[in-house]
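Thank you for making time this morning. I would like to walk through one structure with you, going chain by chain and stopping where the details are worth a longer look.

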Amino acid sequence: MAVAMSTVFFYLLGALALFFATIVVGSKRIFRGAVALMAVLAATAGFYFLLGAEFLAGIQLLVYVGGVVVLIVFVVMLTGSLGLMEDTPSFGRQVVAGLGALNFFLPVFGVLQFSALPEISHEAVALPGADVIGELLLNFGKSGYVMAFELISVLLLVALIGGLVIARKGGQRREEPT
Amino acid sequence: MIDWLAAHAPTLKHWLILSSALFAIGLYGVLARKNAISVLMSIEIMLNSAVFNLIVFNRYIAPKGADGQVFALFVIAVAAAEVVVGLAIFVTLFNRRKTLDVTQVAAMKD
Amino acid sequence: MAMLPEFILLSLAFVILLGDLFLPKTTMRQWGALLALLGLVGALGSLLLLPQDATLLGGRFVMDQITWWFKLVFLVAGLLVVGFSADLLSGRIQDQKMVLDSAAEFLAVILFTLSGMLYLVSSRDMVTLYVSLELATIPLFVLTAWSKRDELSEEAGMKYLISGALASCFMIYGLSLIYGVTGVMELTQLDAEYATHPLVWVGLAMVTAGVGFKVTLVPFHMWAADVYQGAPTLVTAFLSVASKTAGVGVLFHLYIRVFIELIPDWSPVLAIAAFVTMTLGNLVAIVQENVKRFMAFSSISQAGYILMGFLGPTQEGVVAILFYLLVYAVSNLTVFGVIILYSSSTRRENISEYRGLSRTHPGLALIMMLGLFSLAGIPPLSGFTGKFFLFSAAAKAGYYWLVVAAAVNSTVSLYYYLRIVRQMYIEAPDGSEVRVQMSWMPRMALGLALIGTILLGVVPVF
Amino acid sequence: MEENWKCLSELSWLIPGLPLLGFVLVGLGRRWLGEKLSGWLATLLVGGAAGLAVATAWTYFGYFGIGGKGPTVVAWSLPWVSYQELLKVSVGVLIDPLSLMLMVVVTGVSTLVHLYSLGYMAGDSGFSRYFAFLNLFTFSMLGLVIAPNLLQMFVFWELVGASSFFLIGFYYTKPSAVAASKKAFIVTRFADLGFLLGILLLAYYGFLMFQDLDSLQSGAYTSAGLQVLDFEYLTSLAVVNRFMELQGGTVLTVALVLLFMGAAGKSAMFPLHIWLPDAMEGPTPVSALIHAATMVVAGVYLVARLFPLFAGSPSALELVMVVGAFTSLFAASIACTQDDIKRILAFSTLSQLGYMMLALGVASPAFPLGFTASTFHLFTHAFFKALLFLGAGSVIHAVHSNNIWDMGGLAKKMPFTHAFFLIATLAIAGIPPFAGFYSKDEILLAALTSGHTWVFGIGLLVAGLTAFYMFRLYWVTFIRPPSSKAAEHAHESPWLMIVPMNVLAILSVVAGWVHFDDYVNSGFQYMVDHDSRVPLLASGAAVIGIGWSAVLYLGQKVKATAVARAAGALYRLIKRKFYVDEIYQFVTHQVIFRFIASPVAWFDRQVVDGLMNLSAAATRAMGVGLRTLQTGQIQTYSLWFIMGGMLVIFSIWITFYPY
Amino acid sequence: MGILSVLVFLPLLTAFIVVLVPEQKWQRIRWICLASTALHLLLTALMTWRFWAAAGQNVTVDRKSLLTEVYLTEKFTWFERFGVDYYLGVDGMSVAMMILTSIIIFTGVLASWEVENRTKEFFALLFVLVTGVFGVFVSFDLFLFFVFYEVAVLPMYLLIGVWGTGPKEYSAMKLTLMLMVGSALILAGILAVYHYAGITTFDLIQLSQVQYPVDMQTWVFPLFFFGFGVLGALFPFHTWSPDGHASAPTAVSMLHAGVLMKLGGYGILRVGVYLLPEGAIQWALGLMVLTTINIIYGAFGAIRQKDLKYFTAYSSVSHCGFVLFGICTLNLMGMKGAVLQMFSHGIMTGLFFALIGMVYGRTHTRMIPEMGGLAKVMPWLAVCFYIGGLASLGLPGLSGFVAESHVFLGGFFGNQWFDAGVTRALTVIATMSVVVTAVYVLRGLAQAFQGPIVDHEFEHLTDAKWFEKFSTGTLIVALFVVGLVPWFLTDMIETSVYPILNRILQAGTLVGSN
């Protein structure tokens, strides 16, 4: 029963995700794209539930959808392109971009079709939850990721400082562009 | 009906194809869109498909461990940092150039 | 205690940031560079004293001879760049437009990037590798867009960001594929049956693309020219040396440690990549006018030479790469030192504007010339010794055609290096007497770089 | 007698040494020595050498006695260059009758010319430079004559050429003199090329056969320390026979022809004679010494020295004879038409040299008389031709013009010169009591007895022609009434010039009586029946010549011009020296310079250089082309990025997929 | 610090001292340089004497030894991981070349007595160039050899670029690039030898004991020959020499034509033929044809040249052709002749370029048609020109003849692998160049020096000053010494040519057999 349900959800959410992704990429209005992006990320979160990684789904929804997309919307408004009607890229650009995308998709698709992927077990298995992840994050031992944890904190700090310095320079001391 | 659905459960190949499709669409976005922010959004999609890939592998290849999820976590954090920096640069670029159209912003050529 | 250099850098960065908060406004602008310099010297000292092999955190952080050598290059590069930055940050140069604001943040970001690179070469698993690589890349986007008054800086930042983000997407996708096949995060010696799995090849290819971006290998080098030109010269120097070495570090880890069985089959691909990289870099450099853009293509061609070391994974190849990285770092920074000091005083960035430098500033001209000759590979400077052993490694792998091509390429490179020498020595100065003032720190850094360029070639380091 | 031969042979190196010392002292010490002193120093040194030469000759013949062929003695030698094991070349002195005779002639004539020049060149700006070069010439000529091996001969051969170059170009401000010296040096240099190739050929094959010939002779050569290029080795019988067998003698013939080419160049034989008439640009005493007595006979000496080898190849001798005969006839005919006194004497030298070559050509082991006859004629010719030139010199000195038609009636004005000139003219014409008759008679005898009758016929004709043009010259300059003011008040030359001419006059008379055969002969035994008809015929031809010239030139109106107009085109052809000079000029300037040299220079500038510049331009073009890829658009960068990424995947796909 | 290191690094030391001297006192710089070159000349003489004493002992130098006896050696490891060591040593050939170089630099300094602008940098760069050249002649380690080889090439760019005349940038760039392409080929060759040898060392003597596979030699030998040939003015790659010499200042063209072009020939002998004899045997006949073209081409090229420097440059292309021709004969006389020709041509071209510099200093024109009758005004220079000219056309008694006779005899004797007819025909063509040389030398000199004075301002020109007389005098004495007393030089060179010859004979048995 659960497997059947997962098939349904898989195809439903898959379709949803792909549809919204095309909107993000194709829509003329940027704001509409941002909203579509939110939908795509939400759909992915749904996939995580399906795959049994609830914690990750939560994180995804919280950080990605909550934080990142909101930030993007905020900047869209800030740069006054709320109503911006971006003109559709010329046909030539579209073809080239399509070719570039296909150029990636086809080989990977080919590899996936022909190469022997390890067979998988369908029975619902409980992926390790937040407790195991937390334990892994701070474990000093062989399989721990404490160093990565520290580094990511430094990275976020630097991003913060960088963002401030660059953004502030624009706002506070606005010199007329030379 | 149920067993037909059960028979057609998504295998690893379907998951991967889905993620690569998302990646491809993101790629199309990067190449086609003119506005910098749209490009950034397309990159977010690609990042997202990569994270999705990780989780799929974690679920099907190494269900015992949670390495995949940990890595996914870190990638999300990095993506966030990237967006922060990106948008900061876009804001200042907009203040100076009054446009975010990537094709216009090409002062440095050959 | 293997992590001492990293700790010193991180603590130093925090000290500078906090210092800026509490101390009066200008102290950090004046003394920040000195503080950073002392910290870096401390880190370098600690590195030299450290035992050369140690593993911490259960194999996550490994320190061996090769990593030691990479860290040496990073610290030397950082030292020199901070040395050059003293005047730019403290505002003592005449051309106020070139001054970099918020000095403390600038120094802190540079130190964080450096620590990221140090962690990068010590990491042995996918997650730490990826995070430290991003720590070594994202701050560079920030640094590139740092300069307020120069409108190119933002454009360069934007381009660097988008290319960088795209590269990191490829990187993660590749890593995920590798994880998908091996099922384990650790990037250690891959056993044979995984190596032949197509997915791994695709994964490795995408990771190579990601890293190739950082090392400016040819198909992925497009961003370099604009970013090098747009970014403040100081950051360009840092980019061309430290970021490229970090990229080579990752390539090194992948190709020499993890996928070593693939080398015999992949080396034709690598040879062609090396050839195309050096040739394109050299050919386009001939016709460049802007000196920073010129240095971009010169460093692209240097990446081509470095790639030659990967062909024959013998002991000789590894030593050659490591030695050449140090030589390249020192020589490149010598040249960039002069460019930074000259352009910060006279805002001149075109090659033709270097005319008569030997008359106006004989010392600077001589240092610039020696640096350029070392990059061109002229004995007795270190560039020659480095290139010689790199070519020897490629020859040992049986790629004689590549050796001849590389030698001819270095002759073409000599042509465009001589173009600058010609402007400096043969053309008469155009009369605008602008004296370049240097405080003691950049002068000391330039001297250090020059001594490194000359001595490395003669003193048997390995 | 034995010990002074020993001591003199030790000192033999002084003979060339003294003139060398003279050259060094006068050449370098020009400022300190001053003109007068350097002139006399040079003359004394050469005089010393002459004394030594005569003494050596005297003791040599005293010690070894005359009649039989004296032994060749290498009196002194010093190692110079060692090319290879058996090719060690040394510098030394080889004494045998032939070299002695030439030593005496060279040093004798040179001393007299030195004396004469003291007077002739007085007051000239390059006085000491002149004497320095004259000494250098004497040194190199002596070096050539006493060479024990072929390479030393070649070395001094070139030095002689160089010193004649300096002397001909002595008046270097005169463009014609400069051109003449250049022409002389280049033509002789071209001929020496043949000489050098001949040496290379002989050295190579001589080297190959040295080992087994040496073992055949049970180590005779190695014990004597002989090297491949030494004359003793080359002219030894075993070697000559082996050469004759070698490839049926073709190698020997080719080598000898090449060597003869060198000799022909130096002795101005037919194809290579063009430089001698122009060489008259030099001062007259120079012409007397070099272009009459010494240098030009070097070619004859070479053929004489290698006579045993030449004897081994009849076809080579045949060539020598033909070239000699043709040159003598060719030059004699031109001499009859010339107006410049020195040109006439130059062509007469050419014709006499042809005579000597002709004599050598007819000689063969069976009839070796030709060898002695040629050397005897060389001996006598040196004296009277030098005298003729010195006489001409004093006439020019007095009249300040070379053209015989400006002279006339000088017999009364310059009695001594006239007397000596008459003696010399009689000698060269071959009138019995004088030297010329005996030597020319021997040559004609040799030609007849060796069966070459047509050569004998040409000899007779040339004898007649010689008498004709010599007396033509004599009548016009001395007997005819003076035709120009300068001729009217010409006066006798100073005694310094008269005394040497006096000595030469005596010699040109006495030299003929020497019974030459006892001193210099080729070593082959022979029997010769003195056919009395030959002297009669020779002197008869001379008398006819003299008479014919008197008829044409002595009358009031010079009938010769009428005959010349009658002869018309033929006369003009001969007068213009058969246009040989113009042909050479055409070949060198038009063909070589225009069609070879400038195309090469153009080719180098355009094609080879062009290729280099083309490659540079191509690289630059590629650079510009690739530069346009950088469009500044972030999209193109990302496109390249993705294409590149896929390229990597694709190339891996190719390398791996087949597995 | 043996004598060889002193010899190599003395010029470099002088360069540093000169840089320290303040700019205005440029007279003093000249004297420092002259003193250092004089000291150098003495040291070279001392080194020759010590070499002669050392080599003299084992006079029983057995003609059969395959190893080059190296004397006065200094050796210590440099990059021991790659087997590179600092190995200096000397054998007959190197001593001859050292003497040549020290004479040329001594006279070179004298010839550039009146260089006013930026004298300091001029002499500093000149002495760096000389260090490179000395280094090449004494180093017996391939890596060190290549380092000094490239050090010798680079200062040329600045020397010609800054102090040259005419299209100086173009010719400086062309010269540097063509020589660097040549060194690119040599680098590939060295690396091929280093990797095929199997032993990780760059020591020339050890590398020569390895028997390299014959097919490897077939493609590595041309790398060396054409690599070094570019510097030795080999036919298709000689175009840099006329332009380079014409634009270079006097001392630089003296040094370059006199010494640097000899590096090419020396390199081919020392590295090409010595290490790869089978390759040499396979290629030498074909290359002999090329070098014959080289000789004839250079000679004919010189006839039509109007500019004195181009005239000398083409004649040195022809004379360098003799060097390469001698090497290709692969027999004792030919190779010995090649080294002799290097020496004698070095002196000759040095003399020629010095004189051209002096004449140019006075008449400010190098065009032969514009000159005329100079002998009357400057007799000393005219006499020296003529002696140089006669030496270059091979007049016996001067060094040219000794060298050329060796080469002709060598060419004529040939060796057992080549078809005798071909070698002999080529030698005949080569000897013809002697006549062509006579033609262009005499035409050029007669037009320039003899005949009436063409340009009336030339009347008041002065003759050679003391330093000009001293420098041309030394060179002329050298010409006569080698011409008259050659055994001193030939024996020394022979001791070093024998090992090369033995390796060829030993290789010959292999090539001959298969």
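I will begin with chain A and its partners, then turn to chain D, and finish with a hairpin in chain E.

Please keep in mind throughout that this is a predicted model, and that every value I quote is computed from it.

Let me start with the make-up of chain A. Its secondary structure comes to six helices and zero strands, so to speak a plain run of α-α-α-α-α-α when one reads along the sequence. Of the 178 residues in chain A, 37% count as buried, and of the contacts in this chain between residues at least 6 apart in sequence, 50% join residues at least 24 apart.

How confident is the predictor here, and what is the mean pLDDT of chain A? The mean is 81, with 87% of the residues of chain A reaching 70 or more. Among the elements of the chain, α2(A) has the highest mean pLDDT, at 89, while α5(A) has the lowest, at 84. The stretch to treat with care is residues 170-178 of chain A, where the pLDDT is below 50, and where the model has six contacts beyond near neighbours in sequence.

Now to the interfaces. Which two chains share the most contacts among the eight pairs that touch? The pair is chains A and B, and their contact takes 80 residues from chain A and 66 residues from chain B. On the side of chain A that touches chain B, at least two residues each are supplied by α1 (2-26), α2 (30-51), α3 (54-78), α4 (91-114), α5 (130-137) and α6 (146-171) of chain A. By class, the residues on that side of chain A divide into 59 nonpolar, 18 polar and three charged.

With chain D, chain A makes a contact in which five residues of chain A meet five residues of chain D. The residues on the side of chain A that touches chain D divide into three nonpolar, two polar and no charged. Chain E, by contrast, has no contact with chain A, and the closest C-alpha atoms of these two chains lie 36 Å apart. Chain B and chain E do not touch either, with their nearest C-alpha atoms 25 Å apart.

Let me move on to chain D, which has 31 helices and two strands. Its C-alpha trace spans about 115 × 70 × 60 Å along the principal axes. Of the 659 residues of chain D, 56% count as buried, and among its contacts between residues at least 6 apart in sequence, 81% join residues at least 24 apart.

The two strands of chain D, β1 (residues 73-82) and β2 (residues 88-95), run antiparallel and are joined by eight bridges. A hairpin of five residues connects β1(D) to β2(D), and within the pairing W76(D) stands opposite V93(D) in β2(D).

A residue worth pausing on is M103(D), found in helix α5 (residues 97-120) of chain D. Is M103(D) buried or exposed? M103(D) is buried, because 26 other C-beta atoms lie within 10 Å. Leaving aside neighbours within four places in sequence, M103(D) is in contact with I15(D), A53(D), L142(D), V145(D) and I146(D).

For a helix pair, consider α19 (residues 369-399) and α21 (residues 415-429) of chain D, which pack at an angle of about 145° with their axes 9 Å apart. The crossing of α19(D) past α21(D) is left-handed. From α19(D), the residues F384(D), L387(D), L388(D), G391(D), S394(D) and V395(D) meet T417(D), F420(D), F421(D), A424(D), A427(D) and I428(D) in α21(D). This contact has nine nonpolar, three polar and no charged residues.

Last comes chain E, where strand β1 (residues 71-79) pairs with β2(E) in the antiparallel sense over six bridges. One of the partnerships is that of T77(E) with D85(E) in β2(E). The two strands form a hairpin with four residues between them, and in the turn G83(E) has a positive phi of about 75°. Why is strand β2 (residues 84-90) of chain E described as largely enclosed by the rest of the structure? The reason is that five of its seven residues are buried.

That is where I will stop, and I am glad to go back to any of these places.

Note on methods
Residues numbered from 1 in each chain as written. Chains lettered and ligands numbered in written order. Predicted model: local features only at pLDDT ≥ 70, side-chain atom pairs only at ≥ 80, totals over all residues. Contact = placed C-beta atoms within 7 Å. Nonpolar A, V, L, I, M, F, W, Y, C, P; charged D, E, K, R; others polar. Buried ≥ 20, exposed ≤ 12 C-beta atoms within 10 Å, placed from the backbone. Pairing = 2+ DSSP bridges. Axes fitted to C-alpha atoms, helices over the stretch in contact; angles between N-to-C directions. Left-handed = near helix turned anticlockwise from the far one by under 90°. pLDDT = per-residue confidence, 0-100.
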